[in-house]
Amino acid sequence: MEFADRDAGISLAELLAAFSLATDLGLGQPMEHVLRSWRIAARLAACTGLPEDQRPSLFYVSMLAWVGCVADAPEVAASFGDDIAFRADSFQVDLAGLPGLGFFLSHAGRGGPVWHRARVVTTILASGGQSIVQGMQSHCLTTSTLAERLGLGTDVVTALRQFFTRWDGRGVPQGVGGTDIAPVIRLLHLADVVEVRHRTGGIDGALEVARARRGRQFAPDVVDAFVAHAPEVLSGVGAEAESTDDPQLRCPLTEGRLDAALEALADFTDLRCASRAGHSRGVAELVGEAARAIGLPHGDVVATRRAGLLHDVGLHGVPVTILDRPGPLSATDWERVRLSSYYTERVLARPAALARPGAIAAVAHERMDGSGYHRGLSGAAVPMTGRLLAAACMYRAMVEPRAHRPALHGKQAAGVVRAGVRAGTLDGDASEAVLSAAGNGGRRRVSGPAGLTPREVEVLILISRGAQTGEVAARLGISRKTAGTHIERIYTKTGASSRSTATLFALRNGLLDPLDL
C-alpha cells in the first residue's frame with residue numbers, strides 16, 4: 001500500500017478540534033471555547049429535535065465558523081487596533097442597532113493617533129457601516145472556501161456563509177433571517193455567546209443574554225429550549241470526554257488527505273499576516289527536502305515536513321498589531337511573540353497523530369546556544385528535526401517581506417543563515433542542508449554530521465535505538481554484510497567504539513529526540 005493511502009490515525013473531526021484551540025486564541029477566549037460552544041449546541045440540538053443526520057454538520061460548522069477571523073485580521077487591526085481584544089470584547093455586545101454602532105465607534109482606531117481614530121470613525125459613519133459588512137462577508141466566504149478544501153459537503157459550506165445572519169434579518173447577508181437560516185447556525189448563534197456568558201457570569205448570565213436577544217439575534221424556539229433545559233445543557237460542558245465520540249465523526253483520514261488538510265490549515269494560518277502568505281508551505285517544502293537529504297528516516301521526514309506546516313499555528317494568539325509592527329517591539333509585546341511557540345505546543349499536544357510533528361514545531365524558534373524560545377533549549381537538547389526547522393524558518397522568513405524590511409535575495413538570506421551558524425545559534429549541518437534544498441548550498445553534496453552519508457545516518461539512528469546488525473539489514477532491505485560495513489564506517493567517522501558511544505554522538509548531534517529513547 002502506498003504511504004498516501006495508509007490510515008493516518010486521525011479523523012478530520014479530531015484535526016479540526018485541535019485547530020479550534022488556535023481559533024480560541026484569536027478570539028481572546030480560553031482554550032476550548034469553540035469545543036464548549038459545540039457541546040452546548042449539540043445538547044440543544046437534542047432538545048429542539050435536530051435530525052441525527054445533521055449532527056455532523058453542526059460539529060464541522062462549529063469548528064470552522066470563526067476561522068474566517070484569521071483572514072480578515074489585518075483589516076480588523078487596521079480599523080480597530082488589537083484584533084484579539086476586539087473579538088473578545090464583541091462577545092459582550094449585541095452588534096446590531098445602536099449598541100452595535102456604539103461598540104464599533106468606541107473601538108475605532110484604538111491604539112492609534114487621534115487623526116487615525118477620527119478617520120476610521122468618519123469612514124464607518126460615511127459608509128453606513130458598509131466596511132464592516134464587507135469584512136463579515138469576506139469572513140464567511142473565506143471560511144466556506146476552507147470547508148470546500150477540506151472536502152466537506154454543501155450543507156456545511158452553505159451554513160458557514162450564514163454565520164453573521166440574525167433571526168431578525170439585520171445581519172449579513174442583509175435580509176436573510178428567520179427560518180431561512182440553517183438550523184445548525186441558529187443553534188450555534190446562541191451557543192457561541194452563551195458559552196462566554198456562562199463562563200463569566202454563571203447560569204444567570206447565560207439566561208439573561210439568551211432572553212435579551214430572543215427574536216433578535218437568536219431564534220425564539222432555540223432560546224425557549226435553552227431556558228427550559230439550561231441546567232442540563234450547561235452541566236459539565238467543559239468535560240473533555242464528550243469531544244468527538246460521535247461515530248459519524250470517526251472516519252480516519254489517509255496520510256495523503258491529512259497532508260492536504262494540514263496544507264489548507266497552514267495556508268489559512270498564514271493569512272493572519274499579509275506578508276506571511278505562503279510562509280508555512282514554503283518552510284515545509286524546504287525542511288522536508290533537507291530532512292531527506294541529510295538522511296533522516298522516512299517517518300522523521302514526514303513529521304518534520306508537517307511540523308513546517310504547523311509551526312506558526314501559535315501566532316493565532318499574537319495580535320496583528322504586533323506581527324505587522326514596523327518598529328521595535330516592547331518587552332511586553334516580545335513576550336507575546338515568545339509565547340506563540342508555547343501555544344503551538346499546546347494546540348498540537350492532544351491528538352496522537354500530531355504529537356510528533358507538534359513536538360518538532362514547538363522547537364522551531366529554539367537556538368543552539370540557548371537564546372531561543374519558549375523553552376530556551378540548547379545543544380543536544382535540540383533534535384536535528386528542530387535544527388532543520390529553525391534554519392528553514394529563518395531562511396524562508398528572510399526571502400519574504402516584513403513590516404520592518406523588504407524581502408532579501410536568496411544569497412542575502414543564505415548569508416544571514418550562515419551568520420547564525422558562525423554565531424552559534426544555528427546548526428551548521430542542518431543549515432547547509434536547508435540552503436542546498438533552497439538552491440543556495442555552498443557544497444555539492446549534503447551530508448550528516450562527521451560526513452555521514454544519508455544511509456549512514458539511517459543506520460546510526462537504528463543502532464542507537466537498539467537494533468542489531470541483522471535488524472538493521474531487515475529494516476533497510478540490505479544484506480547483513482552491507483549493514484555491518486555501514487556500522488564500521490559510522491564508528492570510524494564518529495570516533496565511536498561501541499553502540500553506546502555512537503548513541504551519544506547521535507544525541508549530541510540532534511539525530512535522536514531524547515524523549516524517544
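The paragraphs below lead from the overall form of this predicted model to a few of its residues and then to one of its helices.

The protein is built from 25 helices and two strands. Measured out along its principal axes, the C-alpha trace spans about 80 × 55 × 35 Å. A compact globule with 517 residues would have a radius of gyration near 24 Å, and the 26 Å of this protein agrees with that expectation. Of the 517 residues, 55% are buried, while the surface that the protein exposes comes to about 21000 Å², with carbon and sulfur atoms supplying 54% of it. The chain also brings together residues that stand well separated in the sequence: among contacts between residues at least 6 apart, 67% join residues at least 24 apart. As for charge, there are 55 positive and 54 negative side chains, and the centres of these two sets lie 6 Å apart.

A single residue can show how such contacts look in detail. Tyr60 lies in helix α3, which runs over residues 55–64, and its relative accessible area of 11% is under the 20% limit, so Tyr60 counts as buried. Leaving aside residues up to four places away in sequence, Tyr60 touches Leu12, Ala13, Leu16, Leu152, Val156 and Leu249. Pro297, by comparison, is 237 residues from Tyr60 in sequence, and the two are 35 Å apart in space from C-alpha to C-alpha.

The loops between helices hold several details of the backbone that a reader may wish to find in the structure. In the loop between α10 (154–160) and α11 (183–212) sits Pro173, which is joined to Val172 by a cis peptide bond with an omega of about 0°. Another cis peptide bond, with an omega of about 10°, joins Tyr373 and His374, and His374 is found in the loop between α18 (352–361) and α19 (384–398).

Two further loop residues have a positive phi without being glycine. One of them is Glu32, with a phi of about 85°, placed in the loop between α1 (12–26) and α2 (33–48); with a relative accessible area of 7%, Glu32 is buried. The other is Ala450, whose phi is near 60° and which lies in the loop between α21 (428–437) and α22. Ala450 has a relative accessibility of 41%, which lies between the limits of 20% and 50%, and it therefore counts as partly exposed.

The last stop is helix α23, which covers residues 469–476 and in which Val472, Ala473 and Leu476 are buried. These three cover an arc of only 100° around the axis, which puts them on the same side of α23. The general background is that an α-helix has 3.6 residues a turn, so residues three or four places apart point the same way. On the other side of α23, Ala474 and Arg475 are exposed. What do the buried residues of α23 pack against? They pack against two helices, α22 (454–464) and α24 (480–494). Just after α23 comes Gly477, which takes a positive phi of about 70°.

Terms used: Residues are numbered from 1 along each chain as its sequence is written. Side-chain values use heavy atoms; hydrogens and water are left out. Buried means under 20% relative accessible area, exposed over 50%, partly exposed in between (1.4 Å probe, protein chains only). Helices (H or I, at least four residues) and strands (E, at least two) are DSSP runs, numbered from the N terminus. The arc is that of the directions from the helix axis to the C-beta atoms. Contact means heavy atoms within 4.5 Å. The radius of gyration is taken over C-alpha atoms; the globule rule is 2.2 Å times the number of residues to the power 0.38. Accessible areas come from the Shrake-Rupley method with a 1.4 Å probe; for residues, only the protein chains shown count as cover. Lys and Arg count as positive and Asp and Glu as negative; His and the chain ends are not counted. The place of a charge is taken as NZ of Lys, CZ of Arg, CG of Asp or CD of Glu.
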